[in-house]
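Here is my note on the model you sent round. Please read it with the structure open.

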Amino acid sequence: MSLEYYYRLVNSGIGKKVKEVLNGLIPGLIPEPVPVRVPVRQPERRSRDFRNGR
């Protein structure tokens, strides 16, 4: 079984039921994805006077 086929099965409707059953038998076997916060750089604020840098 290829990984692509496996992930299609797990993420389908019946795959979710299978995942629930397997995680019920062996907790943590198929972990749920966890959202991760990614830091985003804030744009630098520019002053009104571009010539003098103030």
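The points below go from the whole chain to single residues.

1. Status and overall fold. This is a predicted model, so please read each point below as a statement about a prediction. The chain holds two helices and zero strands. Helix H1 covers residues 3–10. Helix H2 covers residues 13–25.

2. Burial and surface. The chain has 54 residues, and buried ones make up 9% of them. Its accessible surface comes to about 5,900 Å². Carbon and sulfur atoms account for 57% of that surface.

3. Nonpolar patch. Eight names are worth marking on your display: Leu-9, Ile-14, Val-18, Val-21, Leu-22, Leu-25, Ile-26 and Leu-29. Together they make a nonpolar surface patch of about 720 Å². Which helix gives the most to the patch? H2 does, with five residues.

4. Leu-9. This patch member sits in helix H1. Its relative accessible area is 34%. Leu-9 therefore counts as partly exposed, since the value falls between the 20% and 50% cut-offs.

5. Asn-23. Is this residue of helix H2 buried or exposed? Asn-23 is buried, because its relative accessibility of 19% is under the 20% cut-off. Its side chain reaches the backbone oxygen of Ile-30 at 2.9 Å. Ile-30 is also one of its contacts beyond four places in sequence. The others are Gly-28 and Leu-29. Leu-29 also belongs to the nonpolar patch.

6. Lys-19. This residue is found in helix H2 too. Its relative accessible area is 11%, so Lys-19 counts as buried. What does Lys-19 touch, once residues up to four places away are set aside? The partners are Val-10, Ile-30 and Glu-32. Ile-30 thus appears twice in this note: Lys-19 touches Ile-30, and Asn-23 is in contact with Ile-30 as well.

7. Salt bridge. How many salt bridges does the count give? The count comes to one. The side chains of Glu-4 and Arg-8 meet in it, at 2.8 Å from N to O. Side chains of opposite charge can pair when their charged atoms come close. Both Glu-4 and Arg-8 lie in helix H1. They are four residues apart, about one turn of the helix. Glu-4 is exposed, and Arg-8 is exposed as well.

8. Places to check on screen. Look at the Asn-23 side chain and the backbone oxygen of Ile-30. Then turn to Glu-4 and Arg-8 in helix H1. Finish with the patch, including Val-18, Val-21 and Leu-22.

Terms used. Residues are numbered from 1 along each chain as its sequence is written. This is a predicted model: local features need pLDDT of at least 70, side-chain atom pairs count only at pLDDT 80 or more; totals for chains, interfaces and linings use all residues. Side-chain values use heavy atoms; hydrogens and water are left out. Buried means under 20% relative accessible area, exposed over 50%, partly exposed in between (1.4 Å probe, protein chains only). A polar contact is a pair of N or O atoms within 3.5 Å; within protein, one must be able to donate a hydrogen and the other to accept it, and residues adjacent in sequence count only if both atoms are side-chain atoms. Contact means heavy atoms within 4.5 Å. Accessible areas come from the Shrake-Rupley method with a 1.4 Å probe; for residues, only the protein chains shown count as cover. Patches are made of residues with over 30% relative accessible area and no salt bridge: like charges are joined within 9 Å, nonpolar side chains (Val, Leu, Ile, Met, Phe, Trp, Tyr) within 5 Å. A salt bridge is a side-chain nitrogen of Lys or Arg within 4 Å of a carboxyl oxygen of Asp or Glu.
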